[in-house]
Amino acid sequence: MSQSAASSRAIQGALRSLPAQQCRRCFSSSAFQPKQLRPVVPRSPVQSRQPITQKRTKYKTIEQAKSRYSTGPFSWKAAVLFVITCGGLVWYFEHEKERMQRKRIAEATKGVGRPKVGGTFELTDQNGKPFTSEMMKGKHSLVYFGFTRCPDICPEELDKMARMLDIVDAKLPNNQLLPIFVTCDPARDDPAALKTYLAEFHPKLIGLTGTYDQIKDLCKKYRVYFSTPRDVKPGQDYLVDHSIYFYLMDPEGDFVEALGRQHSPEQAAQLIIDHIKDWKSSH
C-alpha cells in the first residue's frame, strides 16, 4: 500500500514539472480537435402540388368525346370551305377559258394591213345624211345585211337584234353599241323606206343605203352573199339573197365575231357584253 501510494505521488509530481508548451502542443494536435463539418445549405420549401381537377367539356360520355375525333381532321366546316374553294376555281378557269377563246376569235379575224371582214365605206342613212365607216370608230358596232321586202328572215332577225340591244342596254348601260342595218336592195330601199321599216323594230337602228356599186362593194368587204341584179326596171320583181349573220366590229373597225342563227338573243347579247368588257380591260 505504501509503495503504490508513493508511486502515484511520484507520477503526479512528474506531470506537474512538464513545461506548459508541451501540454498545449498535445491538445492542439489533430487527434483532439473536432472534425470540420460541411456547410449546410438551407433547403427551399417544397411547393405543394395543386390538386388535379378534371376539365369540363361539352361531352357527357367518353364515347361522345371519341366520336368528335372519329372523322379525323375533317369536319363540316372544312368540307364547306373545300366545296367553296373548288367552286371558285372551277368558275375562274371556265371564265378564263371563255375569255381566251373570245380573244383567239377576235385575234384570228384581224387581217394584216386591212381587215379580213369589214372595211371603209361611204353611204347614206335613213335620214338622208352621210354615214361613213369612220363614224363607227371608237364604238362597237353590230352590222346586219338585209332588205325591207324580205318576207320572213329579216323581220325575225331584226326582232332578235332588237332583243339583243335591250339586253345589252339593261346589263351594260352606256355601252355605245351601234346597231346598223345595211340594205342589199338599194334600188327599192331608199332612206324613206328604211326609216319607215326600221321604226317598227328599234329606235336605235341605223339604216344605210347607197348606189348599187357602193352596196355591192360593202357586201364584198363583209363577205356577204349578194345576188341582187343590176339595172332593174321600176316595178320589176326579182329575188334578193344574202347572208344571215350579225357582224360584231370593235372600236378600231376590226371584225370580232359573227353571231348566227345558232345563238339565242340572250347568248348573243352576252357575247357582245363580254367582248365589250374584254376590250375595255385591255385598252
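# Salt bridges, sheet and core

Q: What is the relative accessible area of Arg261?
A: Arg261 is classed as partly exposed. Buried means under 20% relative accessible area, exposed means over 50%, and partly exposed is in between (1.4 Å probe, protein chains only). Arg261 has a value of 45%.

Q: What pLDDT do local features need in this model?
A: Residues are numbered from 1 along each chain as its sequence is written, and side-chain values use heavy atoms, with hydrogens and water left out. This is a predicted model: totals for chains, interfaces and linings use all residues, side-chain atom pairs count only at pLDDT 80 or more, and local features need pLDDT of at least 70.

Q: How many salt bridges does a search of the whole structure find?
A: The criterion is a side-chain nitrogen of Lys or Arg within 4 Å of a carboxyl oxygen of Asp or Glu. Searching the whole structure this way gives 8.

Q: How many residues apart in sequence are the parts that Glu156 and Arg261 tie together?
A: Glu156 and Arg261 form a salt bridge, with 3.1 Å between the closest N and O atoms. Glu156 lies in helix H5, while Arg261 is in the loop between strand E7 (255-259) and helix H8 (265-282). Helices (H or I, at least four residues) and strands (E, at least two) are DSSP runs, numbered from the N terminus. So the pair links parts whose sequence separation is 105 residues.

Q: Is Glu157 buried or exposed?
A: Glu157 also meets Arg261 in a salt bridge, at 3.5 Å from N to O. This pair ties H5 to the loop between E7 and H8, parts that are 104 residues apart in sequence. Glu156 is partly exposed at 43% relative accessibility. Glu157, at 4%, counts as buried.

Q: Which residues do shared salt-bridge partners join into one network?
A: One further salt bridge pairs Lys221 with Asp217, at 3.3 Å between the closest N and O atoms. Those two are 4 residues apart in helix H7 (212-221), about one helical turn. Lys221 is partly exposed at 22%, and Asp217 is partly exposed at 37%. The network joins Glu156, Glu157 and Arg261.

Q: Which strands stand at the edges of the sheet?
A: The open sheet has 7 strands in the order E2-E1-E5-E4-E3-E6-E7, with mixed pairing. Two strands pair if DSSP finds at least two bridges between them. Each edge strand has a single partner, so one of its sides has no neighbour in the sheet; the edges are E2 and E7.

Q: What is the direction of H6 relative to that of E5, in degrees?
A: From one strand to the next, the twist averages 35°. H6 packs on the sheet and touches strand E1 (122-125), E4 and E5, where contact means heavy atoms within 4.5 Å. Axes are lines fitted to C-alpha atoms, for helices over the stretch in contact, and angles run from 0 to 180 degrees between N-to-C directions. For H6 and E5 the angle is about 155°.

Q: Which residues of H6 are exposed?
A: In H6 (191-198), the buried residues are Leu194, Tyr197 and Leu198. They lie on the same side because they cover an arc of only 85° around the axis, the arc being that of the directions from the axis to the C-beta atoms. Their cover includes H5 (153-171), E4 (178-183) and E5 (206-209). On the other side sit Ala192 and Thr196.

Q: Which residue of E6 is the bridge partner of Leu142?
A: E3 and E6 (246-249) pair in the antiparallel sense over 4 bridges. H8 lies across E3, E6 and E7, at about 170° to E7. The partner of Leu142 is Leu248.

Q: Which helix gives the most to the largest nonpolar core?
A: A nonpolar core is a set of buried Ala, Val, Leu, Ile, Met, Phe, Trp, Tyr and Cys residues joined through side-chain atoms within 4.5 Å. The largest has 55 residues, and Phe145 and Tyr222 have the most contacts inside it. With 7 residues, the top contributor is H5.

Q: How far apart in space are Lys139 and Pro251, C-alpha to C-alpha?
A: Lys139 is in the loop between E2 (130-132) and E3 (141-146), partly exposed at 30%. Beyond four places in sequence, its contacts include Gln176, Met249 and Pro251. Lys139 and Pro251 are 112 residues apart in sequence, yet their separation in space is 4.3 Å.
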